[in-house]
Structures are given as C-alpha cells and as structure tokens.
Amino acid sequence: ICATAPEANWEPGKKAGYHLGSTWLVLAEIVHRLDGRPFEVYVRDQIFTPFSMSDSWIGMPPERYREYGNRIGLLYMTDKAEPKPHPSRDSEAACSQCRPGSNGRGPIKQLGHFYEELLGILGGKTASSDRIVEPETLKTLTRRHRVGLFDQTFQHTIDWGLGFIIDSNRYGKETVPYGYGRHCSDTTFGHSGAQSSTGFADPEHQLVVAWVMNGTCSEKRHQERARAINSAIYEDLRLISDAVAQT
C-alpha cells in the first residue's frame with residue numbers, strides 16, 4: 001500500500017475519497033505494531049469486552065460462526081427481480097477474515113449499545129475507571145476534521161471526524177448519502193454499512209439509532225429508505241416541532 005503511487009492530480013487536503021480498504025488496513029497495522037496484539041484481538045479486548053458486546057467481532061473465529069448457526073444474519077442483493085445471497089459476505093471464510101474496514105459482525109442491539117457508551121463518556125456520565133477513552137479524546141474523534149471537501153467515492157460533499165461521518169445536512173439534506181435523516185443535530189456522528197445498516201449518536205437529543213436491513217437494494221433506493229427511516233424516528237419521538245413534522 002505504501003509503495004503504491006498516488007492517483008494523478010491527487011493533492012492531499014484538496015481532494016478526498018473514502019476508502020474502506022487501504023486506509024483501515026494501515027491503521028490496523030499501526031495498532032498492531034504499537035500494541036503487539038493482532039487488530040481483531042485488540043478490538044475485542046479494548047472495546048467489545050469493556051462495552052459488554054460479547055457477540056461482536058471483526059474477524060469472527062470459525063468455531064464461533066458454527067456455534068451461532070441460524071443466528072447468523074444473511075445479506076441479500078435485492079436490486080434485481082430475485083433476491084440473491086451476497087457472494088462475498090455470507091460464509092464462514094468471509095466472516096473469519098479480519099478486514100478492519102468492512103467486516104464487523106454482531107447484533108444490531110450491541111452496535112446501539114456502543115453508541116450509548118460513547119454518549120455516556122461525552123456527557124461525563126461514565127466513571128473514569130469504565131472509560132475506554134477520555135472525554136476530550138472522544139470530542140476530538142467526533143469533531144469535524146475534513147470539512148467541505150467533495151468526496152470522490154460518495155460523489156457528495158461530506159464532513160468527517162476521525163473515523164466517524166459527521167452530520168452533513170448543510171450540503172443538502174435530501175441528497176447527502178449515509179446521513180442521519182432530515183432532523184438530526186449538527187453534532188451527530190456515526191457510520192453506516194454499505195446499503196445495509198446504520199448506527200449513530202445525536203448528543204444534542206441524547207439519541208442513539210441503530211438498525212439493519214438484510215437486502216442491498218442499490219445505492220439510490222437505499223439512500224431514500226435510510227433518509228426516510230432516520231427522519232421518521234425523530235418525528236415519531238417528537239424531537240421536532242409539529243409544524244416541521246407535517247411538512
């Protein structure tokens with residue numbers, strides 16, 4: 001990866017594009033070299049176990065995959081007439097690989113719990129002995145760092161923290177991909193799975209949202225349904241005014 005030549009006319013800081021492969025592999029290798037543990041072990045020990053996320057993995061051991069049996073949720077491609085199992089994601093071999101940017105597995109409830117824990121740390125409600133990260137560090141992670149740049153992957157301007165997508169409704173709440181609906185606050189942070197799931201925290205509303213779909217229905221249709229779901233959650237919880245909800 002490090003020996004690969006940059007794309008032509010790619011000027012860091014002036015051109016950007018999300019990449020779930022190379023960037024996350026580099027970060028995982030940095031963690032491994034600094035800590036000594038393999039990345040998948042580090043994440044289990046330092047994040048999942050302290051947060052009681054016992055069924056969450058990045059690189060699920062093959063024996064666990066077999067033990068889970070029909071608890072393993074399958075992902076289907078639903079952009080055509082007949083749904084088809086996703087060829088690269090639903091197998092023991094695929095689940096057991098450690099792919100830091102694309103192979104997180106676990107119950108969606110535990111993803112929601114992850115964001116609840118982060119809100120607790122941000123709000124100063126978590127005892128220092130139970131924190132996996134200090135509040136000031138977490139504030140840094142969830143602050144806007146890449147601001148106002150057009151993302152060549154998502155083909156839209158999106159703001160980024162350090163690992164988190166920050167609410168980008170300011171660039172078009174009806175068009176921003178992998179956003180958090182029309183009504184989230186400006187400080188909302190999170191991340192989503194490709195055409196399948198989302199998880200985010202809205203500190204202003206003290207709201208955590210996590211949901212999953214088992215069909216990848218195409219980017220356009222998924223963005224429409226995600227925007228509708230996330231917006232409806234705020235409306236149903238009466239987190240916006242009646243006048244806005246009725247428009």
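Here is a short conversation about the predicted model shown above.

Visitor: Which ground rules apply to this model, and from what number does residue numbering start?

Guide: This is a predicted model, so local features need pLDDT of at least 70 and side-chain atom pairs count only at pLDDT 80 or more, while totals for chains, interfaces and linings use all residues. Side-chain values use heavy atoms, with hydrogens and water left out, and along each chain, as its sequence is written, residues are numbered from 1.

Visitor: Happy with that! How far apart are the end C-alpha atoms of helix α5?

Guide: Helices here are DSSP runs of H or I with at least four residues, strands are runs of E with at least two, and both are numbered from the N terminus. The expected span of a helix is 1.5 Å times one less than its number of residues. For the 15 residues of α5 (residues 108-122) that gives 21 Å, and the end C-alpha atoms agree with it, being 22 Å apart.

Visitor: Which elements are included in what covers the buried residues of α5?

Guide: Buried means under 20% relative accessible area, exposed over 50% and partly exposed in between, with a 1.4 Å probe and protein chains only. The buried residues of α5 include Phe114, Tyr115, Leu118 and Leu119. Contact means heavy atoms within 4.5 Å. The cover includes α2 (39-48), α6 (135-141), β9 (189-193), β10 (197-202) and β11 (207-212).

Visitor: Which element gives the largest share of the largest nonpolar core?

Guide: A nonpolar core is a set of buried Ala, Val, Leu, Ile, Met, Phe, Trp, Tyr and Cys residues joined through side-chain atoms within 4.5 Å. The largest one has 18 residues, and Phe51, Phe114, Tyr115, Leu118, Phe164 and Phe189 touch the most other members. At least two residues of this core come from each of α2 and α5. The largest share, 5 residues, is supplied by α5.

Visitor: Is the ring pair of Phe164 and Phe189 stacked or edge-to-face?

Guide: Rings of Phe, Tyr and Trp (its six-membered ring) pair if their centres lie within 6.5 Å; planes under 30 degrees apart count as stacked, over 60 as edge-to-face and the rest as tilted. The structure holds 9 aromatic pairs. In this one, the centres are 5.1 Å apart and the planes are at 75°, so the pair is edge-to-face.

Visitor: How many residues apart are Phe164 and Phe189?

Guide: Phe164 and Phe189 are both buried. Phe164 sits in the loop between β7 (159-160) and β8 (165-166), while Phe189 belongs to strand β9, so to speak a link between distant parts of the chain, 25 residues apart.

Visitor: Which residues form the cover-side face of β11?

Guide: In a regular strand the side chains alternate between the two faces of the sheet. The uncovered face of β11 holds Val208, Ala210 and Val212. Its covered face holds Leu207, Val209 and Trp211.

Visitor: Which residue in the hairpin of β10 and β11 takes a positive phi?

Guide: Two strands pair if DSSP finds at least two bridges between them. β10 and β11 run antiparallel, joined by 6 bridges, and Ser197 stands opposite Val212 in β11. The hairpin has 4 residues between the strands, and the one with a positive phi, near 50°, is Gln206.

Visitor: What is the bridge partner of Met77 in β12?

Guide: An open sheet of 3 strands has the order β3-β2-β12 with mixed pairing, and its edge strands are β3 (84-85) and β12 (215-216). Strand β2 (residues 76-77) pairs with β12 in the parallel sense over 2 bridges. In β12, Met77 has as its partner Thr216.

Visitor: Which backbone nitrogen does the side chain of Gln195 reach?

Guide: Gln195 lies in the loop between β9 and β10 and counts as buried at 17% relative accessibility. A polar contact is a pair of N or O atoms within 3.5 Å; within protein, one must be able to donate a hydrogen and the other to accept it, and residues adjacent in sequence count only if both atoms are side-chain atoms. At 2.8 Å, the side chain of Gln195 reaches the backbone nitrogen of Ser218.

Visitor: Is Tyr178 buried or exposed?

Guide: Tyr178 has its place in the loop between β8 and β9, and its phi is positive, about 50°, although it is not a glycine. With a relative accessible area of 6%, Tyr178 is buried.
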